[in-house]
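Student: I would like to go through the reasoning behind the labels used for this structure. Could we take them one at a time, setting each value against its cut-off?

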Amino acid sequence: MGLREGLREAVRAQGKRSAVVLAAGLMCFASAGGAGAQPSAEAAATTVYRNLATGHCLDSNGRDVYPHSCNGGSYQKWAVSSSGGTVTLRNLATGHCLDSNGRDVYPHSCNGGSYQKWTVSSSGGTVTLRNLATGHCLDSNGRDVYPHSCNGGSYQKWTPTG
């Protein structure tokens, strides 16, 4: 799927505001060669997610996902791919995808399953990530990152930067 087709799909599935946010992921997807290709560390554009309330960035060491002081390192960079109105976030350093079982958020080998797919809604320069399988939003209290019932609060809002 090309960049234009992916953007059209995102507009249909998520609306214009969310499509703008997804465009960064689609650009990463397209630069990696489209469907079936795994973005390489060199070719993929990446996104860093900073929590609006805590100021910490989404980080992973391959065993855990957690908030950490933003440092621009590869463990805080996420390659975003889009498909069917959802996104998948793959950590640049570990190669694992952001996964959730409804109780925890953790890195896991990328498998394309619904627990690794997130819907994106945007507002005022921030995004909220809702897990497709569980319906919970990505939340943080500054110590942990976890799934929580979506409430629109600032702890569930993330500022993407690339």
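Tutor: Let us begin with a definition: buried means under 20% relative accessible area, exposed means over 50%, and partly exposed is what lies in between. Please keep in mind that this is a predicted model.

Student: What makes C150 partly exposed?

Tutor: C150 has a relative accessible area of 27%, and because partly exposed covers the range between 20% and 50%, C150 is called partly exposed.

Student: How do you know that a disulfide joins C137 to C150?

Tutor: The cut-off for a disulfide is a pair of cysteine sulfur atoms within 2.5 Å, and the S to S distance for C137 and C150 is 1.9 Å, so the pair meets the definition. The pair links distant parts of the chain, with C137 in strand β10 (residues 137-140) and C150 in the loop between β11 (145-148) and β12 (158-161), 13 residues apart.

Student: Why is the disulfide of C137 and C150 called right-handed?

Tutor: The torsion about its S-S bond is about 100°, so the disulfide is right-handed.

Student: Is C137 buried or exposed?

Tutor: C137 has 2% relative accessibility, and because buried means under 20%, C137 counts as buried.

Student: How many disulfides does the structure hold, and what pattern do they follow?

Tutor: The structure holds 3 disulfides, and with bonded cysteines counted along the chain they follow the pattern 1-2, 3-4, 5-6.

Student: What makes C57 and C70 a disulfide?

Tutor: Their S to S distance is 1.9 Å, which is within the 2.5 Å cut-off. C57 lies in strand β2 (residues 57-60) and C70 in the loop between β3 (65-68) and β4 (78-83), so the pair ties together parts that are 13 residues apart in sequence. C57, with a relative accessible area of 1%, is buried, whereas C70, with 28%, is partly exposed.

Student: How are C97 and C110 classified by accessibility?

Tutor: C97, at 2% relative accessibility, counts as buried, while C110, at 35%, counts as partly exposed. Their sulfur atoms are 1.9 Å apart, and C97 and C110 form a disulfide.

Student: Why is T46 called buried, and which residues does T46 touch?

Tutor: T46 has a relative accessible area of 17%, and because the cut-off for buried is under 20%, T46 is buried. T46 is found in the loop between α2 (16-31) and β1 (48-51), and, not counting residues up to four places away in sequence, T46 touches K77, W78, A79, L92, T161 and G162.

Technical notes: Residues numbered from 1 in each chain as written. Predicted model: local features only at pLDDT ≥ 70, side-chain atom pairs only at ≥ 80, totals over all residues. Heavy atoms only, no water. Helix = DSSP H or I, 4+ residues; strand = E, 2+ residues; numbered from the N terminus. Buried < 20%, exposed > 50% of the residue type's maximum accessible area, 1.4 Å probe, protein only. Contact = heavy atoms within 4.5 Å.
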